[in-house]
Amino acid sequence: MYHDSNSKPWKLDKKWRIFTPKEWIEIFEDGINEPSNSRRNLSGWAEDRNYLVSPINGVLKYHRLGNQERNDPNIPFEMASLIVSDVSLTVNEVQYHDWIRLVEVITRYKTYIEVSHLRPMVPVSEDVSSWWRYAARAGLQQTKMCYRFLLGPNSSPMSSSLPA
């Protein structure tokens with residue numbers, strides 16, 4: 001599994017499900033067969049690839065039915081199972097900042113959703129006072145939610161039993 005910071009999105013000529021096995025190999029083989037520190041002769045797909053999770057140890061079991069065993073079309077002809085017992089998690093500084101930004105955006109959106117029902121339907125230039133009321137009510141609602149988080153789900157700021 002990898003996360004390439006500041007890289008351009010892949011441009012595909014067709015949908016993923018139409019790719020041939022040879023095309024899948026071209027895209028992903030460099031990351032599977034080559035050690036992560038070897039950057040020689042990589043395909044265009046694998047340039048600047050930065051891995052997050054890399055397998056360290058695992059067991060792959062593969063079973064293929066022979067021609068005489070292929071009687072029932074409902075039974076798969078090939079079966080594979082992969083058990084990864086150890087993995088390495090490595091995050092570089094750029095990847096870390098990317099994930100922090102993602103969490104910030106999600107938090108900002110969550111805050112927006114929590115107070116969006118209070119937002120006035122008119123522009124600021126038409127009714128400044130309603131926007132000031134919105135700011136005050138949104139701030140109070142956020143503070144109330146903070147108190148609920150600190151005191152517990154069934155508590156209110158007035159009913160808490162804090163020492164005097």
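These notebook entries record what I looked up in a predicted model.

**Entry 1. Aromatic pairs**

I searched the whole structure for aromatic pairs and found five. I began with Trp16 and Phe19, whose ring centres lie 5.3 Å apart with the planes at 25°. I entered this pair as stacked, because the angle falls under 30 degrees. I then turned to Phe19 and Trp24, whose centres are 5.8 Å apart and whose planes meet at 55°. That pair I entered as tilted, since the angle is neither under 30 nor over 60 degrees. Trp16, Phe19 and Trp24 together form one aromatic cluster.

I next looked up how far each member of the cluster is covered. Phe19 is buried, at 12% relative accessibility. Trp16 is partly exposed at 35%, and Trp24 is partly exposed at 33%.

**Entry 2. Lys14 beside the cluster**

Which residue lies over the face of Phe19? I found Lys14 there, at 5.6 Å from the ring centre. Lys14 is placed in the segment before helix H1, which spans 21-33. With a relative accessible area of 31%, Lys14 is partly exposed.

I listed the contacts of Lys14, leaving out residues up to four places away in sequence, and obtained Phe19 and Glu23. The side chain of Lys14 makes a polar contact with the side chain of Glu23 at 2.9 Å. I also recorded these two side chains as a salt bridge, with 2.9 Å from N to O. Glu23 is partly exposed, its relative accessible area being 23%. Lys14 thus has two entries in my notes: a place over the ring of Phe19 and a salt bridge with Glu23.

**Entry 3. Salt bridges**

How many salt bridges does a search of the whole structure find? I counted three. One of them is the bridge between Lys14 and Glu23 described above.

I then examined Arg101 and Asp98, which form a salt bridge with their closest N and O atoms 2.5 Å apart. Both residues belong to helix H2 (residues 93-115), and because they are three residues apart, about one helical turn separates them. I noted opposite sides of the 20% limit here: Asp98 is buried with a relative accessible area of 17%, whereas Arg101 is partly exposed at 46%.

I also examined Glu114 and Lys110, whose side chains meet in a salt bridge at 2.8 Å, N to O. These residues are four apart in helix H2, so they too are separated by about one helical turn. Lys110 counts as exposed, because its relative accessibility of 51% is over 50%.

**Entry 4. The nonpolar core**

Which residues make up the largest nonpolar core? I found five: Val115, Leu118, Trp131, Tyr134 and Ala138. Helix H3 (residues 128-151) supplies the largest share of this core, three residues. As a general point, nonpolar side chains in soluble globular proteins tend to be buried together.

I followed Leu118 further and set aside its neighbours within four places in sequence. Leu118 is then in contact with Tyr134, Arg137, Ala138 and Gln141. Among these partners, Tyr134 and Ala138 are themselves members of the core.

**Entry 5. Summary of the entries**

I close with the points to carry forward. Trp16, Phe19 and Trp24 form one cluster, and Lys14 lies over the face of Phe19. Helix H2 holds the pair Arg101 and Asp98 and the pair Glu114 and Lys110. Helix H3 gives three residues to the largest nonpolar core.

Methods
Residues are numbered from 1 along each chain as its sequence is written. This is a predicted model: local features need pLDDT of at least 70, side-chain atom pairs count only at pLDDT 80 or more; totals for chains, interfaces and linings use all residues. Side-chain values use heavy atoms; hydrogens and water are left out. A nonpolar core is a set of buried Ala, Val, Leu, Ile, Met, Phe, Trp, Tyr and Cys residues joined through side-chain atoms within 4.5 Å. Buried means under 20% relative accessible area, exposed over 50%, partly exposed in between (1.4 Å probe, protein chains only). Helices (H or I, at least four residues) and strands (E, at least two) are DSSP runs, numbered from the N terminus. Contact means heavy atoms within 4.5 Å. Rings of Phe, Tyr and Trp (its six-membered ring) pair if their centres lie within 6.5 Å; planes under 30 degrees apart count as stacked, over 60 as edge-to-face and the rest as tilted. A charge sits over a ring if NZ of Lys or CZ of Arg is within 6 Å of the ring centre and within 35 degrees of the ring normal. A polar contact is a pair of N or O atoms within 3.5 Å; within protein, one must be able to donate a hydrogen and the other to accept it, and residues adjacent in sequence count only if both atoms are side-chain atoms. A salt bridge is a side-chain nitrogen of Lys or Arg within 4 Å of a carboxyl oxygen of Asp or Glu.
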